[in-house]
Amino acid sequence: MLGGVNIILASPRGFCAGVEYAIEIVERALDRFDGKVYVRHEIVHNRHVVGRLERMGAVFVEEPGEIPESEVVIYSAHGVSPAVRAASKARGLREIDATCPLVRKVHEEAMRLARLGYDILLIGHAGHVEVEGTKGEAPDRIRVVETIEDAAAVQVDDPARVAYLTQTTLSVDDTAEIVAKLSERFPAIVRPAKDDICYATQNRQNAVKDLCRHVDVVLVVGDRHSSNSNRLVDVAQGQGCAAHLLQSADQLESVLDAARSALGRELENVGLTAGASAPADLIDHVLEKLVALGGSMSDEIVTARERIHFSLPPSLRAP
Ligand code: SF4
């Protein structure tokens, strides 16, 4: 039980504009195409979102080859490589692109730099679907840099013609260390005009840092496959604060027990936030359960207000 425990919320938390955009595209496409569309990869990394869309008729696949010819394919918020688009075209699929516009911007920059003959160092998690999509724009010119050790070892053809880009959902602090190492090795490295780590990632990480100053433990609602949710846990831990990822309210009691025993005393202040792909109802369930266990809502720490909204593709706007 949590008698006397204060619950403090971080804001912003939960859905970002890119996730809302991608989910709305699937919902509208289901409406437009008689309740049946195929989605290449999880539309966003949250199994509750995916499960709800599956119940509405969406079929999730990993490759266009799994989709019957001439059907509708929607690309997930993480983006796809030209090879995936070519495979869709070869099957005569009707494509709808739900790539987050901020991810698309990184693809465009990768193509521009590759055309100019740069070696591109893509800071990100090897194998992550967003990184695979971006790398696919210029596979011969892009090398993935995942760690500071990679940054110390990576080789380029011409140190005077090298640029870096980043995955949109990284830890701002970890990335800064990697960029510092790359800049030391390649002083002429070209930086992105504007940081590729997106506004939503940065805002949620800043909010968690503030939250850490007030709580014993931070609970992050998010899927274990969600990069930005995992980074929120890392950021809190980097501040010296205990932090746990919570996929649903069912895990709450075991997570609180773990936090209590790590702390060696009863909890006094519990912080709550959520990754950019965690839906509001999931966050509400966790909050309701915290209150049901005896916690009381105490405060919401607001570090930024978000008003970003992306317009739907013309083909899916209301008639
Ligand atoms: S986290 Fe950022 S890049 Fe990813 S979908 Fe949201 S707004 Fe787009």
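Student: Why is the crossing of H8 and H9 called right-handed or left-handed?

Tutor: In this predicted model, H8 passes H9 in a right-handed crossing, because the near helix is turned clockwise from the far one by less than a right angle, whereas an anticlockwise turn would be left-handed. The axes of H8 (residues 199-212) and H9 (residues 227-238) come within 9 Å and cross at roughly 35°. Local features need pLDDT of at least 70, and side-chain atom pairs count only at pLDDT 80 or more. Residues are numbered from 1 along each chain, and side-chain values use heavy atoms.

Student: What makes up the contact of H8 with H9?

Tutor: Contact means heavy atoms within 4.5 Å. H8 contributes Arg204, Gln205, Val208, Lys209 and Cys212, and H9 contributes Arg231, Leu232, Val235 and Ala236. These residues divide into five nonpolar, one polar and three charged.

Student: Why is His128 called buried or exposed?

Tutor: His128 has 13% relative accessibility; buried means under 20% relative accessible area, exposed over 50%, and partly exposed in between (1.4 Å probe, protein chains only). His128 therefore counts as buried. His128 is found in the loop between strand E6 (119-123) and helix H5 (129-135). Leaving aside neighbours within four places in sequence, His128 is in contact with His45, His78, Gln167 and Ser227.

Student: How do you know that the radius of gyration agrees with a compact globule?

Tutor: The globule rule is 2.2 Å times the number of residues to the power 0.38, taken over C-alpha atoms. With 319 residues, a compact globule would have a radius near 20 Å, and the protein chain has 21 Å, which agrees. Of the 319 residues, 52% count as buried.

How values were computed. Axes are lines fitted to C-alpha atoms, for helices over the stretch in contact, and angles run from 0 to 180 degrees between N-to-C directions. Helices (H or I, at least four residues) and strands (E, at least two) are DSSP runs, numbered from the N terminus. Ala, Val, Leu, Ile, Met, Phe, Trp, Tyr, Cys and Pro count as nonpolar, Asp, Glu, Lys and Arg as charged, and the others, Gly among them, as polar.
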